[in-house]
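User: Hi! I'm new to reading protein structures. Could you walk me through this one?

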Amino acid sequence: MYKILDKKALNKDVDLLVVHGPFVAKNARPGHFIILRVDDEGERIPLTIAELDGENVTIVYQKLGYSTRKLGELEIGDDIADFVGPLGKESHIREVKSVLGIAGGVGAAPLLPQLREYAERGISVDLVIGARSKEHLILLDKYLEFCDKIYICTDDGSAGLKGFVTDQIKELYKTKKYDHTVAIGPLIMMKFVVKLNKEYGVSTDVSLNPIMIDGTGMCGNCRVTIADKTFFACIDGPDFPGEEVDFDELLARQSYYKNEEHECNLKLVQK
């Protein structure tokens, strides 16, 4: 069993948990994820590792479905039945001088360890972070520890620029240049960030989050097309070069699983 050492509500939809997981903490690197089960009868939930501290692992999750809501009912001192990892491949930290991180919503959590690693290597790091509203911006205190500049945008204008992350990036590119970007957030956001960056000749790494079941490549449910070849996000990713991702195929596949987020993404693609 894996004990919950700390719990924080980042907003009404998103929680942060610190879990005692010594094996995971010892072996994890930026980009790795875990799969947990709340109890012996629970489904498997893949979650990216946000931070590591000694033998402890920090995860951030959005309470969207039955299992994540059930996870949200646990409190400090409770145990999680299974906490398996690290899974996937660690992020490819590139040899560059400057990086722009682009976070959308809960994507701020998996982006955090990657940008921190860049900063710890002496690379200049800026951040564009977007959310629906001010209350949905998460982990800003963590990013303030190492980012040179942080640019905020919200859909409703309650904080920073009113608009999408791509609107903020366009403004930023008028005065600044970056060697590389890392974008993590909703699929539709990453698709249009990659499209915009292509116009400016800037490379983009993205983190893909297709539906996973076993996390070992056996079920094939998380297959993605990268440069016209099939890969599995759970063992070959979750990070991939954004320019090579078939976003339209992935968005269509995600729409098979009915929920508001996927239905909204599909409608945006069809416009």
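User: In which sense do strand β9 and strand β10 pair?

Analyst: Happy to help! This is a predicted model, where local features need pLDDT of at least 70, side-chain atom pairs count only at pLDDT 80 or more, and totals for chains, interfaces and linings use all residues. Residues are numbered from 1 along each chain as its sequence is written, and side-chain values use heavy atoms, leaving out hydrogens and water. Strands (E, at least two residues) and helices (H or I, at least four) are DSSP runs numbered from the N terminus, and two strands pair if DSSP finds at least two bridges between them. Between β9 (residues 124–131) and β10 (residues 149–154) there are six bridges, and the sense is parallel.

User: Which residue in β10 stands opposite Val 128?

Analyst: Look along β10, residues 149–154. The residue facing Val 128 there is Tyr 151.

User: Which are the edge strands of the open sheet of seven strands?

Analyst: The order is β11-β10-β9-β8-β12-β13-β16, with mixed pairing. An edge strand pairs on one side only, which here gives β11 (161–162) and β16 (239–241).

User: At about what angle does α5 run to β9?

Analyst: α5 lies across β8, β9, β10, β11 and β12. Axes are lines fitted to C-alpha atoms, for helices over the stretch in contact (heavy atoms within 4.5 Å). Angles run from 0 to 180 degrees between N-to-C directions. For α5 and β9 the angle is about 145°.

User: Which element gives the largest share of the largest nonpolar core?

Analyst: A nonpolar core joins buried (under 20% relative accessible area, 1.4 Å probe, protein chains only) Ala, Val, Leu, Ile, Met, Phe, Trp, Tyr and Cys residues through side-chain atoms within 4.5 Å. This core has 34 residues. Its largest share, seven residues, comes from α6.

How values were computed: Buried < 20%, exposed > 50% of the residue type's maximum accessible area, 1.4 Å probe, protein only.
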